[in-house]
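Reader: I would like a close look at one part of this model, with particular attention to how its charged side chains are placed. Please take your time over it and carry the description on into the neighbouring topics where they follow.

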Amino acid sequence: MSLSERQREILDAALERIDELGIQELTMKRIAATVGISEPALYRHFTSKSEILSAVVGEMETVSAQSLESARRTGRGSAEVLASFLESHSRRFAEHPALTAVLFSEDLFRNDPTLHSRVGAIVSNTQELLRSEIEKGRASGDFRRDLEPEAAALMLAGGFRLLVSLWNLRGHNFDLIARTRSYLESAIKVLKG
């Protein structure tokens, strides 16, 4: 979905409100007030809160795919590709902390099957991208040959998700990007053996 400048402004306002109040308190009225437009004017750009959240999810899908493609284009080994991919996510989360509320709140979307499915697809796709890169690293000798790629991808993704969750729970009181780099250094050592 190609977004207009105003739609991007609305998405930023929605993320700002989510970060301030939580996703449960996000309303069209609050978004409109943040943007400085009337609620009816907001409906000309998005028909519902669900459509706004869907656009946020769409943006994250695009960013995730671009991050991996950019990391792979460098021609570096699998360890660097994985580190670059997860560091790019930590930078995005540090810039827009509310994204974590959208991506890590699968239970909030149980009543919206489309959003629930899309967020689930992002998680599954990320897991598959990590697994695939770990498999490449195993084949090239970058990683231990006795690794089970699926389990290694779960460990890598799960540790990163826990780190981001701690950052959220602690009110963003540490440098997520620096802590991600530290985490990845240790995780890559485990993968390399």
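With which residue does the side chain of Asp146 meet in a salt bridge, and at what N to O distance?

Author: A word of caution comes first: what is shown here is a predicted model, and the distances and accessibilities below should be read with that in mind. The partner you ask about is Arg144, whose side chain meets that of Asp146 in a salt bridge with an N to O distance of 2.9 Å. Asp146 has a relative accessible area of 58% and therefore counts as exposed, since the limit for that word is over 50%. Arg144, with a relative accessible area of 31%, is partly exposed. Elsewhere, Glu16, Arg17 and Glu20 are joined into one network by salt bridges that share partners. As a general point, side chains of opposite charge can pair when their charged atoms come close.

The structure holds 11 salt bridges, and two others are worth setting beside the one you asked about. In one of them, the side chains of Arg181 and Glu87 meet with an N to O distance of 3.2 Å, and this pair links distant parts of the chain, with Arg181 in helix α9, which covers residues 176-192, and Glu87 in helix α5, the two being 94 residues apart. The surroundings of the two partners can be stated separately: Arg181 is partly exposed, with a relative accessible area of 40%, whereas Glu87, at 16% relative accessibility, falls under the 20% limit and so counts as buried.

The other bridge joins Glu133 to Lys136, with the closest N and O atoms 3.9 Å apart. Its partners both lie in helix α7, which runs over residues 113-140, and they are 3 residues apart, about one turn of the helix. Glu133 counts as buried because its relative accessibility is 4% and the limit for that word is under 20%, while Lys136, at 41%, counts as partly exposed.

Staying in helix α7, we can turn from charged side chains to Gly137, which lies in that helix and counts as buried because its relative accessibility is 0%. Once neighbours within four places in sequence are left aside, Gly137 is in contact with Ser78, Asp142 and Phe143. Its C-alpha atom is 9.8 Å in space from that of Val81, although Gly137 and Val81 are 56 residues apart in sequence.

Helix α5, the helix of Glu87, also holds His89, which counts as buried at 8% relative accessibility. Leaving aside neighbours within four places in sequence, His89 is in contact with Met60, Ser64, Ser67 and Phe160. One of these partners, Ser64, is found in helix α4, which spans residues 49-73, and Ser64 counts as buried too, at 7% relative accessibility. Seen from Ser64, and not counting residues up to four places away in sequence, the residues touched are Phe85, His89 and Thr126. For a sense of spacing, the C-alpha atoms of Ser64 and His96 are separated by 14 Å, with their positions 32 residues apart along the chain.

Phe160, another of the residues in contact with His89, leads on to the aromatic rings. The count comes to 1 aromatic pair: Phe93 and Phe160 are stacked, with 6.3 Å from centre to centre and 20° between the planes. This pair links distant parts of the chain, Phe93 being in helix α5, over residues 78-95, and Phe160 in helix α8, with 67 residues separating them. Both of these phenylalanines are buried. A ring with a charge over it is found at Phe174, where the charged end of Arg179 sits over the ring, 4.0 Å from its centre.

Helix α8, where Phe160 lies, covers residues 149-169 and is also the place of Leu169. Leu169 is exposed, with a relative accessible area of 74%, and together with Leu162 and Leu166 makes a nonpolar surface patch of about 310 Å². Helix α8 thus brings buried Phe160 and exposed Leu169 into one account. To return to your starting point, the salt bridge of Asp146 is with Arg144, and it pairs an exposed aspartate with a partly exposed arginine.

Terms used
Residues numbered from 1 in each chain as written. Predicted model: local features only at pLDDT ≥ 70, side-chain atom pairs only at ≥ 80, totals over all residues. Heavy atoms only, no water. Patch = residues over 30% accessible without salt bridge, like charges linked within 9 Å, V, L, I, M, F, W, Y side chains within 5 Å. Areas by Shrake-Rupley, 256 points an atom, 1.4 Å probe, with all protein chains shown as cover. Salt bridge = Lys/Arg side-chain N within 4 Å of Asp/Glu carboxyl O. Helix = DSSP H or I, 4+ residues; strand = E, 2+ residues; numbered from the N terminus. Buried < 20%, exposed > 50% of the residue type's maximum accessible area, 1.4 Å probe, protein only. Phe/Tyr/Trp six-rings, centres within 6.5 Å; stacked < 30°, edge-to-face > 60°. Lys NZ or Arg CZ within 6 Å of the ring centre and 35° of its normal. Contact = heavy atoms within 4.5 Å.
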